[in-house]
Each structure stands twice: as structure tokens, then as C-alpha cells.
Amino acid sequence: MPSDKLKLLLNHKKYEKRVHYIQGSPLNNYDLARCKAHQAECAIIMSNFFCTNHQHEDYKNILSAFAIKKYVKQYFPEIKKEKRICLQIAKPDHKDLFYS
């Protein structure tokens, strides 16, 4: 669940109609269909900085980003523009895994 600070931000007039928080798994095609991932301008994947294993958390989030991109390419081939992903990672050196 989102924190109280995030809830306040999501309910801000500037974002309330543009940003939607959806709980689910990007590794589950049903959840990707439910949130209309193919229609989103951008998917934001946030890291859990309170986790005990930052490497595992980063790898999970990178895998989630790849899953979203694959879902859109596989089920919506008419969408030529690559899906924009904003990925928050805990350890800066892990970003190379996403860009490689």
C-alpha cells in the first residue's frame, strides 16, 4: 500500500487525473491488462528502500520493467513506440543491468 505521503501526492490536483496507483504484479499479464499498461504514457516502478536485500529488490524491479515492455510488444504489436519506464533502484551500479 502507498504511504500517507504518496497518497497525498497522488491526490494532489496536479496529479489526481494523470497518475494512478495500482497494486499488482507486472509479471502477471492479468494485472498488466487491468491497469491498461499498453495505454500508459509511462510506468513508474518504485523501490522498497526498507527491504533487507537491495540487490534482490533491484533485480525484481528490473525484471518488472522488462516484463512490462515485453507485454506491450507481445500483445500490442501495433504500438511501435517503446514504453517509457521510470525505474527507481536502490543501488546506482545496478542501473547498468537495465540499460544493457
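Ala, Val, Leu, Ile, Met, Phe, Trp, Tyr, Cys and Pro count as nonpolar, Asp, Glu, Lys and Arg as charged, and the others, Gly among them, as polar. This is a predicted model, where local features need pLDDT of at least 70, side-chain atom pairs count only at pLDDT 80 or more, and totals for chains, interfaces and linings use all residues. Residues are numbered from 1 along each chain as its sequence is written, and side-chain values use heavy atoms, with hydrogens and water left out.

**View 1. The lining of the largest pocket.** A pocket is an open set of points on a 1 Å grid over the protein atoms alone, where a 1.4 Å probe fits, with protein on both sides within 12 Å along at least five of seven lines. The largest one holds about 1,700 Å³ of space, the volume filled by probe spheres set on the points. Its lining has 44 residues (an atom within 4 Å of a point). Nearest the centre lie His 20, Tyr 21, Ala 43, Ile 44 and Ile 45. By class, 23 lining residues are nonpolar, eleven polar and ten charged. Helix 3 gives the most, five residues.

**View 2. Glu 57 in helix 3**. Helices are DSSP runs (H or I, at least four residues), strands likewise (E, at least two), numbered from the N terminus. Glu 57 is buried, with a relative accessible area of 8% (buried is under 20%, exposed over 50%, partly exposed in between; 1.4 Å probe, protein chains only). Glu 57 touches Met 46, Ser 47, Asn 48 and Cys 51 (heavy atoms within 4.5 Å), not counting residues up to four places away in sequence.

**View 3. Lys 36 in a loop**. Lys 36 sits between helix 2 (29–34) and strand 1 (42–45). Its phi is near 55 degrees, a positive value in a residue other than glycine. Lys 36 is partly exposed, at 45% relative accessible area.
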